[in-house]
Amino acid sequence: MIKKYTVQVDHERLGYELTAITEITVSGGMTLEVGEKIAAYPETIALYNVTGASDIMVIAKFKTRQKLSDFTKNITKMPHVERTETHLVLNTLKENHSLLV
């Protein structure tokens, strides 16, 4: 039975040439609340609550460095965000969000 039909978007062809992976450390047990705010940004394509030194990992796509800068600055200004570390993707080796079953 088919439950969902979807398409795979080529973000680069749409002008989203920058992919950033951001690690976020959150204080006060407010991870879910901070995550909900970050999820609301249209640039956010994936958002995870993770184990390890960081609490949240965000994957986001941007058309310009300025949009990436604005996104990062907005996150760092959020209450309970202690620290961020942003990684820029140089080459996409694999990007497939569908799961083979």
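**In what order do the elements of the protein chain run from the N terminus on?** They go β-α-β-β-α-β, and this is a predicted model, so keep that in mind as you look at each view. Counting them up, the protein chain has two helices and four strands. The C-alpha atoms fill a box of roughly 40 × 35 × 20 Å along the principal axes. Of the 101 residues, 25% count as buried. Here's a nice one about how the chain folds back on itself: among contacts with a separation of 6 or more, 67% come from residues 24 or more positions apart.

**View 1. Four strands line up in an open sheet.** Read across the sheet and you get the order S2-S3-S1-S4, with antiparallel pairing. At the edges sit strand S2 (44–49) and S4, each of which pairs on one side only. Neighbouring strands are turned by 20 degrees against each other on average, if you ignore direction. What holds strands together in general? Strands of a sheet pair through backbone hydrogen bonds, either parallel or antiparallel.

**View 2. Both helices pack on the sheet.** Helix H1 (residues 31–39) touches S1, S2, S3 and S4, and its direction makes about 175 degrees with that of S2. H2 also touches S1, S2, S3 and S4, but here the angle to look at is the one with S4, about 160 degrees.

**View 3. Strand S3 (residues 56–62) has S2 as a partner and S1 as another.** Five bridges join S2 to S3, while seven bridges join S1 to S3; both pairs run antiparallel. Want some residues to find? On the S2 side, Ala46 has Ile59 as its bridge partner, and Tyr48 stands opposite Met57. On the S1 side, Thr22 has Val58 as its bridge partner. Is S3 enclosed or open? Five of its seven residues are buried, so S3 is largely enclosed by the rest of the structure. The hairpin of S2 and S3 has six residues between the strands, and there Gly52 takes a positive phi near 110 degrees.

**View 4. Ala20 is tucked into strand S1 (residues 18–26).** Buried or exposed, what is Ala20? Its relative accessible area is just 1%, and the cut-off for buried is under 20%, so Ala20 is buried. Leaving aside neighbours within four places in sequence, Ala20 is in contact with Val58, Ile59, Ala60, Phe62, Leu68, Thr86, His87 and Leu88. Take Ala60: it is 40 residues from Ala20 in sequence, yet the two C-alpha atoms are 5.4 Å apart in space.

**View 5. His80 has a positive phi.** You'll find His80 in the loop between helix H2 (65–77) and strand S4 (81–88). Its phi is near 80 degrees, and this residue isn't glycine. Why point that out? Most residues other than glycine have a negative phi. As for its surroundings, His80 counts as partly exposed because its relative accessibility is 36%, which falls between the 20% and 50% cut-offs.

**View 6. Now for the largest pocket, with about 330 Å³ of space.** Which residues are closest to its centre? They are Gln8, Val9, His11, Glu95 and His97, out of 16 that line the pocket. Sorted by class, the lining has three nonpolar, eight polar and five charged residues.

Note on methods. Residues numbered from 1 in each chain as written. Predicted model: local features only at pLDDT ≥ 70, side-chain atom pairs only at ≥ 80, totals over all residues. Heavy atoms only, no water. Buried < 20%, exposed > 50% of the residue type's maximum accessible area, 1.4 Å probe, protein only. 1 Å grid on protein atoms, 1.4 Å probe; cavity = no way out; pocket = protein on both sides within 12 Å on 5 of 7 lines; lining within 4 Å. Points joined across faces, edges and corners; volume = space filled by probe spheres on them. Nonpolar A, V, L, I, M, F, W, Y, C, P; charged D, E, K, R; others polar. Contact = heavy atoms within 4.5 Å. Pairing = 2+ DSSP bridges. Axes fitted to C-alpha atoms, helices over the stretch in contact; angles between N-to-C directions.
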